[in-house]
Each structure stands twice: as C-alpha cells, then as structure tokens.
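Grab your viewer and a notepad, and work through these exercises at your own pace. Try each task before you peek at its solution.

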Amino acid sequence: MKLDLLGDRQRTHYCGELRKSHVGQTVFVAGWVDRRRDLGNLIFLDLRDHTGVAQIVCNPAVSAQAHDRAEEVRSEYVVGVEGEVVARSAETVNAQLATGEVEVKARTLLLLNEAKTPPFPIAEESRTSEDTRLQYRYVDLRRGRLQRNLRLRSQASQVVREHMMAHRFIDIETPFLTRSTPEGARDYLVPSRIHHGHFYALPQSPQIFKQILMIAGCDRYFQIVRCFRDEDLRADRQPEFTQIDIETAFPQRDLLFDIIEQLMEKLFALVNVKVERPFVRLSYESAMELYGSDKPHLGFDLAWKRVSLPEAAREKLQAAPAVKLLRVPDWAGVSRSQLDKLQESAKTNGAERFSYLKVEASGVQSPLSKLVGEETVQSLAQAAEASAGDLVILLGMKSAGAAAIRSAMQRLDEVSGLLRLEIARKLELIKPGAWNFAWIVDFPMFEYDETARRYGAMHHPFTSPREEDLDKLEADPSAVKALAYDLVLNGSEIGGGSIRMHRRDIQARVFKVLGLTDEKARERFGFFMDALEYGAPPHGGIALGWDRIVALMAGESNIREVIAFPKTASAVDLMSGAPAGVDPEQLDELGLKIKN
C-alpha cells in the first residue's frame with residue numbers, strides 16, 4: 001500500500017469541534033478511523049481525534065481520489081481529509097454526537113499510515129483485561145475516557161500552579177538522586193558507577209530538602225513532584241507517584257488549611273463540584289471512636305459509641321471493659337442470614353465479641369438477654385440512642401491485661417470502621433456526587449511496633465510534638481500528640497502534613513525515642529541536623545496525593561486510570577517490559593554481581 005505525505009497541509013479544525021456554524025467552510029481534519037461503512041457508491045468514515053468524532057462522506061461524484069482512497073482504509077488507519085462542511089438532512093442527524101448535525105464532503109483523502117487490527121476495540125463500552133490494556137497502552141490511551149482524564153489532570157495542574165503562586169509560593173525542583181533514609185517504605189536504590197559499593201536512593205518524598213529550603217530562607221515552596229516507594233501496590237498506590245509538595249516558614253496551621261481548602265475548591269470546580277468550606281475538623285481519637293478510621297467517610301451518618309459494660313456483664317461475656325455500639329436506623333427487620341454474614345466479617349477482621357439488639361415497639365430483642373439480663377440490654381439500647389425499628393450492633397474484644405488492652409482497643413476501632421463501611425454499602429448509604437472533606441488532627445506522635453519492640457513515628461520523624469507534650473517524650477511516648485494533620489475525602493486520605501521540628505535538641509530527643517543512636521542519626525541525617533543549627537525557622541507543610549485527587553475528580557476508583565503509563569499491581573510496566581535484565585558489562589561498570 002502506498003502511503004501519502006502530509007506535506008505542508010495544516011489541520012484547520014479538530015474533529016469534535018465541527019458544528020452547523022462551520023457549514024460552507026473548507027476544512028482539513030485529521031485523526032484515526034473509528035469506523036468505516038461502505039454503501040457501495042458512498043463510503044462513510046467516522047474520523048476520531050481527542051475532541052470527538054466527525055463523519056466523512058466519500059462520494060465519487062465529488063472526488064474519485066477520496067473515494068478510491070477510502071476503499072483502502074480500515075479501522076485505526078491515520079488519515080487526513082480536506083473537504084466542505086455540509087449540513088446533514090433532518091433524517092440523518094445523529095443527536096448522540098456533538099457533531100451530529102454536520103458532515104464533511106471529502107475532496108482529498110490522505111492515507112498517512114496504516115494500522116494492524118487493534119488488540120481490543122477502542123469503544124468505551126468494550127471490556128478488556130487490564131494486563132492487555134497496559135501492554136498496549138498506546139492504543140488504550142486513544143479511548144475518550146482516558147483522554148479526558150489526562151486532560152483533566154493537565155488542567156488541574158495548571159490550577160495548582162496558579163493558586164500556589166498567587167499565595168507567593170515558588171516552584172523549586174529537589175534532587176531525584178539522594179541518600180537512603182530507610183525509615184518508611186523501602187527505597188529504590190541506584191548504584192553509583194563512580195563510587196563502587198555506594199548507592200543513591202530515589203526519594204520517597206522531598207521531606208528533608210523542603211525543610212532545608214525553609215532554613216535557606218525560601219519562605220514558601222511548592223512542587224508537583226515525582227516520588228518513589230518500593231512497596232506493595234493497591235488501587236491507590238504505585239511505585240512511582242506524584243504529590244503536590246508544600247512547605248512554608250513561620251506557619252500558622254489555620255492559614256495553611258485555608259490555602260489548601262481554597263485549592264480544593266478551585267480544583268473540584270473543574271468537574272462542577274461545589275466544595276463546602278470550612279472543612280470539618282476531627283481529632284484522631286474522635287475519628288477512631290466514632291468512625292473506626294483515621295480517614296473516615298463522612299457521607300453518611302452512621303457513628304459508633306464507645307460504652308463501658310457493667311462489671312457483671314463484662315465477666316459473663318469475658319469481654320474487655322469497653323464495647324462499641326452502632327445504631328442502624330430502621331434496620332430491625334434485618335434477616336438472620338445477613339446478621340450472620342456481618343458477624344463472620346467482623347470476626348474475620350479481628351473482632352472477638354459480636355452481638356446485636358433489635359429495638360421493637362414491644363421491647364428490645366437480643367441474644368445477649370439470656371447472658372447479661374434484660375436491664376443491661378435495655379441500657380445498651382438507651383446508650384446507643386436507639387428507637388423502635390432500629391438495630392444496634394455491638395462489637396467487643398476479649399478481656400485482657402492492661403498491657404494488651406491498648407492494642408486490643410486499636411484493633412476494635414479498625415474492625416468497627418470496616419463494618420461501618422460494609423453496612424453503608426449494604427444499605428446504599430454512600431451517595432454518588434457527595435463530597436465530604438475533613439481535617440484529621442492531633443495524631444499520636446508514635447506507634448509501638450510489637451515485632452520490632454520499639455516506637456516508630458506515626459507520620460515521619462520530623463513531625464513536631466505538641467509543646468505541652470514535650471515533657472512526656474521520654475517518660476511516656478505513647479501519650480505524646482503530634483502537630484500532624486491529614487486531609488481526607490470520602491474515605492480516602494488525600495494529603496498529610498505537619499508542623500516540623502525546627503530545633504536540633506528536640507529532633508535529637510525524638511530520634512532517641514525512635515531507637516536511633518547518636519551515631520545512626522548522624523549517619524542518616526547528619527547534614528540535616530547540621531542545618532538545624534544555622535537558624536532554622538519554625539516551618540510546616542503538607543503533601544497532597546495528586547494521583548488520588550485527580551482520580552476522585554475524574555470519578556475513577558483506580559489511580560491507574562489517571563496516569564499515562566502506570567505499573568501493574570506487581571510493579572511491572574507491561575508495555576516496555578520493565579524491570580528487565582541488563583548486560584553483564586553494565587553490571588561490571590557498577591561493580592555489581594547478581595546473587596541467585
């Protein structure tokens with residue numbers, strides 16, 4: 001097949017832009033053949049680009065050249081068409097297309113490239129395995145939905161830049177090749193060719209660099225930055241991801257919150273969502289008690305209550321002192337089989353005690369009555385503020401010693417959060433189109449790792465403790481609260497930040513609580529500790545998960561749908577074949593040998 005050359009022809013219009021106002025104009029459009037219909041004397045081509053589809057009519061009475069070329073065209077061939085825009089007759093108008101009132105009478109058709117049969121249909125409704133889609137991503141990205149997602153992402157990035165610069169932030173790039181600081185997820189390591197046996201690490205976050213920028217007097221910094229974590233993947237995680245990184249000197253938390261809330265308002269306006277401000281604020285403790293999650297979905301009213309059992313009831317149930325109650329309005333008629341499924345789910349996730357109360361006009365019905373008595377059951381229903389027709393779910397843990405009770409109650413909170421979401425899905429309480437932002441504040445500074453038998457930082461080791469908790473750092477680390485905050489939306493964490501430690505003495509004390517000796521702290525963070533001694537101002541900031549935010553804006557449940565070239569769940573790029581082996585000569589240059 002002989003192909004044509006584009007030459008000096010210039011596209012005058014995009015396919016999806018043609019309207020009745022263009023009738024009578026000569027246009028040159030180009031794109032991919034979405035569909036070809038041969039009616040013998042007439043050949044119709046649906047020509048597609050990222051803006052939409054235009055119908056091309058190839059009539060030998062108008063142009064024998066265009067008709068002859070159209071006979072050679074197949075699906076996904078690349079063509080350019082010059083012709084006149086004409087109005088369709090009333091009976092042929094396609095109301096489902098934005099361009100459905102017009103068509104282009106082809107005078108010249110250029111066949112610019114041929115194409116193999118695509119591995120799957122481009123049509124939006126076609127179902128294709130994700131592996132196949134990622135292997136042929138260049139075909140997958142032609143789909144209208146993915147084109148819209150990428151263009152939304154680009155538009156949103158522009159909004160971010162304009163907003164941050166209007167608030168006097170400056171865009172500064174930080175290094176991709178830095179040193180390993182294995183305090184969070186695993187680092188991706190990059191071997192040095194010049195310094196054998198030494199490695200760079202790709203940054204999990206520009207955390208230290210943005211703090212150093214504050215010490216350097218840059219005052220307000222932001223960056224839309226790529227970060228890397230060698231960790232197990234989920235729908236909302238990738239080994240390389242993008243975040244909006246923000247830091248400011250002399251911060252006031254309320255001012256930073258206001259800047260971010262304004263940004264969310266502008267971003268979601270792009271998808272016609274009105275964001276209500278100010279956002280709800282919840283302490284970590286309240287979020288865990290009420291919703292069983294530090295990233296609660298606030299789009300429905302179900303909330304837990306933590307209550308203490310009477311001592312006699314506790315002994316009969318062999319339960320921990322506190323249980324959690326969830327009132328589910330108007331669900332007393334739930335079937336036994338559904339309750340059994342809830343119980344199975346709760347126990348699978350770690351709950352050790354599960355029961356329920358059905359509040360009816362005649363009284364409270366519960367399998368607990370025989371064990372703890374009617375009076376206790378009635379008091380539990382009252383504590384849950386239940387009315388006739390309501391169901392009350394009870395969750396608890398086994399009785400345990402003081403040492404184990406804290407971790408048991410943490411597990412109870414986590415299980416209650418999962419069960420709350422499960423019930424909301426069963427009752428279809430999560431309504432599409434509702435957007436519920438919240439700030440979660442006052443996180444614990446540390447969390448105890450039972451396996452490592454030491455404390456770890458709940459956020460990261462540069463988060464500042466509250467001033468009123470400084471005297472507890474060594475005496476009772478578990479009681480220390482951090483100046484940390486998360487931004488959550490509809491049950492997803494979309495940002496996390498904190499006020500940082502700007503004093504070297506406090507940072508050294510925190511490292512000690514985390515089990516880092518002076519030597520280890522010096523080895524990993526020496527340059528940063530030195531920087532703190534040269535007039536570090538109070539500073540703080542936040543990192544926003546850009547992939548998650550754009551996915552929520554686009555209505556996608558998986559961030560892979562808003563990333564041009566994502567990895568699979570096993571961190572593989574099926575299109576390019578990465579990761580891949582390298583030549584032995586490359587390994588020799590790096591001083592490396594593969595260990596089988």
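What follows is a set of short exercises, each with a worked solution.

**Ground rules**

This is a predicted model, so here's how it is treated: local features need pLDDT of at least 70, side-chain atom pairs count only at pLDDT 80 or more, and totals for chains, interfaces and linings use all residues. Residues are numbered from 1 along each chain as its sequence is written, and side-chain values use heavy atoms, with hydrogens and water left out.

**Exercise 1: the overview**

Task: Work out how many helices and strands the protein has, and what share of its residues count as buried.

Solution. Start with DSSP: helices are runs of H or I with at least four residues, strands are runs of E with at least two, and both are numbered from the N terminus. That gives 16 helices and 22 strands. Next, take the C-alpha atoms along the principal axes; they fill a box of roughly 95 × 75 × 55 Å. Then burial: a residue is buried under 20% relative accessible area, exposed over 50% and partly exposed in between (1.4 Å probe, protein chains only). Of the 596 residues, 46% count as buried. Last, look at contacts (heavy atoms within 4.5 Å). Among those between residues at least 6 apart in sequence, 67% join residues at least 24 apart.

**Exercise 2: the two sides of α11**

Task: Find which residues of helix α11 are buried, and say why they end up on the same side.

Solution. Helix α11 spans residues 374-383, and its buried residues are T376, V377, L380 and A381. They cover an arc of only 140 degrees around the axis (using directions from the helix axis to the C-beta atoms), so they sit on the same side of α11. The textbook background: an α-helix has 3.6 residues a turn, so residues three or four places apart point the same way. Now flip to the face turned away from the buried side, where you'll find the exposed residues E375 and Q382. Just after α11, E385 takes a positive phi of about 55 degrees.

**Exercise 3: two helices crossing**

Task: Describe how α4 passes α6, and list the residues that meet.

Solution. Two packed helices are described by the angle between their axes and the distance between the axes. Here the axes are lines fitted to C-alpha atoms over the stretch in contact, with angles running from 0 to 180 degrees between N-to-C directions. The axes of α4 (residues 144-166) and α6 (residues 253-269) come within 10 Å and cross at roughly 145 degrees. On the α4 side the residues are A156, V159, V160 and H163; they meet I259, Q262, L263, K266 and L267 of α6. Sort these and you get six nonpolar (Ala, Val, Leu, Ile, Met, Phe, Trp, Tyr, Cys and Pro), one charged (Asp, Glu, Lys and Arg) and two polar (the others, Gly among them). As for handedness, the crossing is right-handed; that means the near helix is turned clockwise from the far one by less than a right angle, while anticlockwise would be left-handed.

**Exercise 4: hunting for disulfides**

Task: Count the disulfides, then check C58 and C227.

Solution. A disulfide is a covalent bond between the sulfur atoms of two cysteines. The cut-off here is a pair of cysteine sulfur atoms within 2.5 Å. By this rule the count is zero. For C58, the closest cysteine sulfur belongs to C15 and is 13 Å away, too far for a bond. For C227, the closest is in C218, at 18 Å, again too far. C58 is buried at 0% relative accessible area, and C227 is buried at 0% as well.

**Exercise 5: odd backbone spots**

Task: Locate the cis peptide bond before P278 and the one before P579, then look at the positive phi of E76 and N490.

Solution. The R277 to P278 bond is cis, with omega near -5 degrees, and P278 lies in the loop between α6 and β11 (280-283). A578 and P579 are also joined by a cis bond, with omega about 0 degrees; P579 is in the loop between α15 (546-554) and α16 (584-590). On to phi: E76 isn't a glycine, yet its phi is positive, about 75 degrees. E76 sits in the loop between α1 (64-72) and β4 (78-87) and is buried at 2%. N490, not a glycine either, has a positive phi of about 50 degrees. Its loop runs between β20 (484-489) and β21 (492-499), and N490 counts as buried at 18%.
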